[in-house]
Amino acid sequence: MKGFFQHTWGKLIAVALSLSLVAAAAALVLAGTWAPLRNVGETVSRPFLRLFSTVTETVRQGADNFQRVQRLQEEKAALEQQVAQLQDQARAGELAQAENARLRELLDLAQTGRDLTLTSAWVIARTPDNWQAEVTIDQGEDQGVRTGQCVVDSRGALVGQVAETGGTWAAVTLLTDPAFQLAGQGVSSGVLGTLEGDLTQLPQGQLAFASLTQADPVRVGEEVVTFAVGQTYPSGLAVGTVTALTEDPGGLTRSAILQPAADLDNLSQVFVVTAFQEVR
């Protein structure tokens, strides 16, 4: 574009200059001649001189405008680069804030007084279907991960239970999976029940606190935690909050619907409880 501009205006200047030189030469030749003839020469050359002056001024203005456009483009490119740098800094700041929040949660978990040995792991895969809820983590038997161990998030909320292990990986059944089952207890009522994944609740990301009698005083809003009946997993891990109560078929028992305490849809780093000390 710049080359085209210079080439075009160069031609115009050359033409105008040629015409002006011809006119000037004619005026000089006629300078010593008869006055009427000289006047004719001046009359003929004057438009060409004006044309040369006009073309020169136009070219100068065009060059100035072109330089201004170039400066504006350079300033725009510099501003775009600054904006990109600021956006990168903002993203880095957001990541740092998220990391600080996660570390604070881990510190709070360590200060709860619960004696848990945790192995950090990252989620590397998810089941792609709507019939089960399972994730794969990057820690396995080589890191002390065993089938049946519980998996929690950075706040200590239950995520699921290890279902299968390899040397450097493990499959974790999330607590909303229909195959999930542990013992649970209402925090305020003390009622014991069974934590079960339910296929009908899976799309909503919820699970059931089942095997409750009609007399069990479980209420909406009550928190439910794990209850250990052996040495596989600890008691007191946060499971979820009761959002509704439903009658089981036959009307003899009922179930509470729980909203998980852990954000199962956005799992990244989790922790396997590889060892624990029960405090009763």
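Let me begin with the barrel in which six strands close in the order β1-β2-β5-β4-β3-β12, with antiparallel pairing throughout that order; neighbouring strands of this sheet are turned by 45° against each other on average, if direction is ignored. Please keep in mind that what we are looking at is a predicted model.

Within this barrel, the contact I would like to show you is the one between strand β1, residues 115-126, and strand β12, residues 269-277, which run antiparallel and are joined by eight bridges. If you want a place to find that pairing on the screen, take Thr119, whose bridge partner in β12 is Val272.

Now to the other barrel. Here, too, six strands form a closed barrel, running β6-β7-β8-β11-β10-β9, and the pairing is antiparallel; the average turn between neighbouring strands of this sheet, with direction ignored, is 40°.

Let me walk along part of that order. Strand β7, residues 192-197, is joined by four bridges to strand β8, residues 207-213, the two running antiparallel, and Leu195 has Phe209 as its bridge partner in β8. From β8 we step to β11, since these two strands pair in the antiparallel sense over five bridges, with Ala208 standing opposite Ile257 of β11. Strand β11 itself, residues 253-260, is mostly covered, as six of its eight residues are buried.

On we go to β10, which pairs with β11 in the antiparallel sense over seven bridges; one of the positions to look at is Glu247, whose bridge partner in β11 is Arg254. The hairpin of β10 and β11 has five residues between the strands, and in it Gly250 takes a positive phi near 100°.

Next, a loop residue. Where does Val229 lie? Val229 is found in the loop between β9, residues 223-226, and β10, residues 238-247. And is Val229 buried or exposed? With a relative accessible area of 63%, Val229 counts as exposed, because the cut-off for that class is over 50%. Although Val229 and Leu182 are 47 residues apart along the chain, their C-alpha atoms are separated by 9.2 Å.

Finally, the largest pocket, which holds about 410 Å³ of space. Of the 21 residues that line this pocket, the closest to its centre are Ala133, Thr176, Leu202, Gly205 and Asp265. Sorted by class, the lining has nine nonpolar, seven polar and five charged residues.

Note on methods:
Residues are numbered from 1 along each chain as its sequence is written. This is a predicted model: local features need pLDDT of at least 70, side-chain atom pairs count only at pLDDT 80 or more; totals for chains, interfaces and linings use all residues. Side-chain values use heavy atoms; hydrogens and water are left out. Two strands pair if DSSP finds at least two bridges between them. Axes are lines fitted to C-alpha atoms, for helices over the stretch in contact, and angles run from 0 to 180 degrees between N-to-C directions. Buried means under 20% relative accessible area, exposed over 50%, partly exposed in between (1.4 Å probe, protein chains only). On a 1 Å grid over the protein atoms alone, a cavity is a set of points where a 1.4 Å probe fits but cannot get out, and a pocket is an open set with protein on both sides within 12 Å along at least five of seven lines; lining residues have an atom within 4 Å of a point. Grid points are joined across faces, edges and corners, and a volume is the space filled by probe spheres set on the points. Ala, Val, Leu, Ile, Met, Phe, Trp, Tyr, Cys and Pro count as nonpolar, Asp, Glu, Lys and Arg as charged, and the others, Gly among them, as polar.
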